[in-house]
Amino acid sequence: MNTVERWKQEKHPLDVVEDVREYAEGGLTFNEIEERAGDGEWERLKWAGLYAHGRQRGYFMLRTKVPGGYLTPDQAEVIGEVADEFATAPDEYGGEDQNEVWGDAFLDITTRQDVQMHWIEIEDVPEIWERYDEVGLTTVQGCGDSARNVLGCPAAGLDDHECFDAQPVVEAVSDFFTGNREYANLPRKFKMTVTGCRQDCAQSQINDVGLVPARKRLEDSEYYGFHVRVGGGLSDGPRMASDLDVFVRPEDTVEFCRAVAQTFKELGDRNNRGVCRMRYLVQQMSPPKFEEAVRDRCSVDLPTRGTDLTEGYRGDHIGVHPQKRDDLNYVGFNVIAGRMGGEEFAEAARVAREYGTDEASVRLATDQNFLLTHVPDGRVEDLTDEPFARKYRPDPGPFSRGAVGCTGSEFCNYGIIETKRRVRRWAKALDRRVETPEDLEVIRMHMSGCSASCAQPQIADIGFRGETVKIDDPEGTTNEEGDNIVEGMDFGLGGSLGADNEFLDWVENAVPASAVIPALEELFAAFSEEREDGERFYEWCRRVGNDRLRRVMQGAEANVAGGVAADD
């Protein structure tokens, strides 16, 4: 049994929720928490949605779950107000000036439709939970080896591309697993996505369990339900999900997901955390054997597959879009790298309430952006003229539109490089400096600060993962061996999801950050010259091959030497 499993066996992880209340009431410091509960408490605190900051000891990251990304205006307003009031850095870490771009009191929208806040103190958590309880929000099992936030289409119930509204199913699955002691201690984290949308914007191909729309004739009637994909994931050992020969009725979804979790719970490897994600189990057993194990544990009938209704992959919902009702619209706003001020998020919620109908909502998307819904035709122009809307534009440039960044070294214990500011800076610079074809609305550029893939670089046109790079430059940081070290990254090209899904190739390793923008400028110059009709950037990368891409990138070296730096 590995160390984390031992900690989880010593005390049920969900018991930590009551511990947090006691720690807060007693005003316990980090050292006092360790003295009382041992090192394992830092792991168990994840079940309360809390990650202890390793770089800023004494403070936490707090993750709020948002099933399917759906928030009422009241819920979104509370989240923004909580960030504005509690996610504040102390003076010894810079206070209001701790971040040169966002200042203080900001929040991050994640690729799993969660909201993360930093600088949270343990004594404030019960009050945050009280405010959350009033509007139906939770942080329980936002982290840890349990069912994480259930993904869904952010435009569920709104868009003509969907076969049926799966948001009620998303919520039912989330409600079943949240606080469920029987399924709260799994071998590792367990990620699910449920969508009725034909364009799979909830990313079923890279989740442990993905349910996508399907149709099946049963007992002389046509039924809508789900087809199932299992065993997808990124990080080390990335794998696209495999199809099962299963049709799941909407009313049977909770039981089916329970049976999958039961299979993982019983058969997942609890000894080696490096190989106990569900994708390894599916691969080791084979998809047919895994399906058989699930059927053995499922109490409802599971018919075989019907007609698959997924047509492709839609990466975002940026812009103004008509809803199913002709006189209403939803508007997708671009939040580069997912970070915005808590006050701004609360303002977006108030604006949703002001300009939308009584059904208005705020929806978080898997690309770290958000939507405001149920906006009448006559109010769209006024909405997009609001101050926050002019900053988080619904009509961004292609690089800003596709920019995704993880937490990075600013707060994450594993982060090797800074990401949020860099992604924002690079996206804006590339929009200014690179001329792209008019029909190319988005270039997906994802940056992870380490190999953990929280920013999903493997599925992007352009992907980065943080590295340190040795260089012959006195401006670098000197390590113990006397080498000059700068921040850099592995540089990947050509990833996508959908019918032509393929993980990118890591074309170059350990590239200094200063070399990246010049390399991208050279790549897009070549792309513009060589592009075939309608060809997307990732398609061109695959067609010309890695050797050609490397030769193009090497042509950027003169620009770097001439002082055109990526971080300008």
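This report describes salt bridges, a helix, a charged surface patch, backbone angles and some long-range distances in a predicted model.

## Salt bridges within and between elements

Across the whole structure, a search finds 54 salt bridges, and three of the pairs are described here together with their surroundings. Within helix α1, which covers residues 3-10, Arg 6 and Glu 10 are 4 residues apart and therefore separated by about one helical turn. Their side chains meet in a salt bridge with an N to O distance of 3.0 Å. Arg 6 counts as partly exposed because its relative accessibility is 40%, a value that falls between the limits of 20% for buried and 50% for exposed. The pair also belongs to a network of salt bridges that links Arg 6, Glu 10, Lys 11, Asp 19, Glu 22, Arg 36, Glu 41 and Arg 44.

A salt bridge across a longer stretch of sequence joins Arg 339 to Glu 410, with the closest N and O atoms 2.9 Å apart. Arg 339 lies in strand β13 (residues 339-341) and Glu 410 in the loop between β16 (403-405) and α15 (420-433), so this contact ties together parts that are 71 residues apart in sequence. Both partners are covered, since Arg 339 is buried and Glu 410 is buried as well.

The third pair is Arg 548 and Glu 530, whose closest N and O atoms are 2.1 Å apart in a salt bridge. This pair links distant parts of the chain, 18 residues apart, with Arg 548 in helix α18 (residues 546-554) and Glu 530 in helix α16 (residues 516-530). Arg 548 is partly exposed, with a relative accessible area of 25%, and Glu 530 also counts as partly exposed, at 26% relative accessibility.

## Helix α5 and the loop after it

Helix α5 (73-86) has 14 residues, which at 1.5 Å a residue should span 20 Å, and the C-alpha atoms at its ends are indeed 20 Å apart, so the expected and computed spans agree. The helix is mostly covered, with 10 of its 14 residues buried. The buried residues of α5 include the nonpolar side chains Val 78, Ile 79, Val 82 and Phe 86, and Gln 75 and Glu 77 are also among those buried.

The loop between α5 and β4 (106-109) holds Glu 92. Glu 92 counts as exposed because its relative accessibility is 62%, which is over the 50% limit. Together with Asp 91, Glu 96 and Asp 97, Glu 92 forms a negative surface patch.

## Positive phi angles at buried loop positions

Most residues other than glycine have a negative phi. Two residues in this model depart from that pattern, Gln 368 with a positive phi near 75° and Ser 453 with a positive phi near 70°.

Gln 368 is placed in the loop between β14 (362-364) and β15 (370-376), where a relative accessible area of 3% means that the residue is buried. Ser 453 is found in the loop between β17 (445-448) and β18 (462-471), and Ser 453 is likewise buried, with a relative accessible area of 7%.

## Distances between residues far apart in sequence

Three pairs of C-alpha atoms relate sequence separation to separation in space. Tyr 132 lies in helix α6 (residues 125-135) and is buried, with a relative accessible area of 1%. The C-alpha atoms of Tyr 132 and Thr 64 are separated by 9.3 Å, although these residues are 68 residues apart along the chain.

Asp 316, in the loop between β10 (307-308) and β11 (319-322), is buried with a relative accessible area of 5%. Asp 316 and Asp 500 are 184 residues apart along the chain, and their C-alpha atoms are separated by 17 Å.

Asn 413 is found in the loop between β16 and α15, the loop that also holds Glu 410. Asn 413 is partly exposed, with a relative accessible area of 43%, and from C-alpha to C-alpha Asn 413 is 30 Å from Asp 133, a residue 280 positions away in sequence.

Technical notes:
Residues are numbered from 1 along each chain as its sequence is written. This is a predicted model: local features need pLDDT of at least 70, side-chain atom pairs count only at pLDDT 80 or more; totals for chains, interfaces and linings use all residues. Side-chain values use heavy atoms; hydrogens and water are left out. Patches are made of residues with over 30% relative accessible area and no salt bridge: like charges are joined within 9 Å, nonpolar side chains (Val, Leu, Ile, Met, Phe, Trp, Tyr) within 5 Å. Accessible areas come from the Shrake-Rupley method with a 1.4 Å probe; for residues, only the protein chains shown count as cover. A salt bridge is a side-chain nitrogen of Lys or Arg within 4 Å of a carboxyl oxygen of Asp or Glu. Lys and Arg count as positive and Asp and Glu as negative; His and the chain ends are not counted. The place of a charge is taken as NZ of Lys, CZ of Arg, CG of Asp or CD of Glu. Helices (H or I, at least four residues) and strands (E, at least two) are DSSP runs, numbered from the N terminus. Buried means under 20% relative accessible area, exposed over 50%, partly exposed in between (1.4 Å probe, protein chains only). The expected span of a helix is 1.5 Å times one less than its number of residues.
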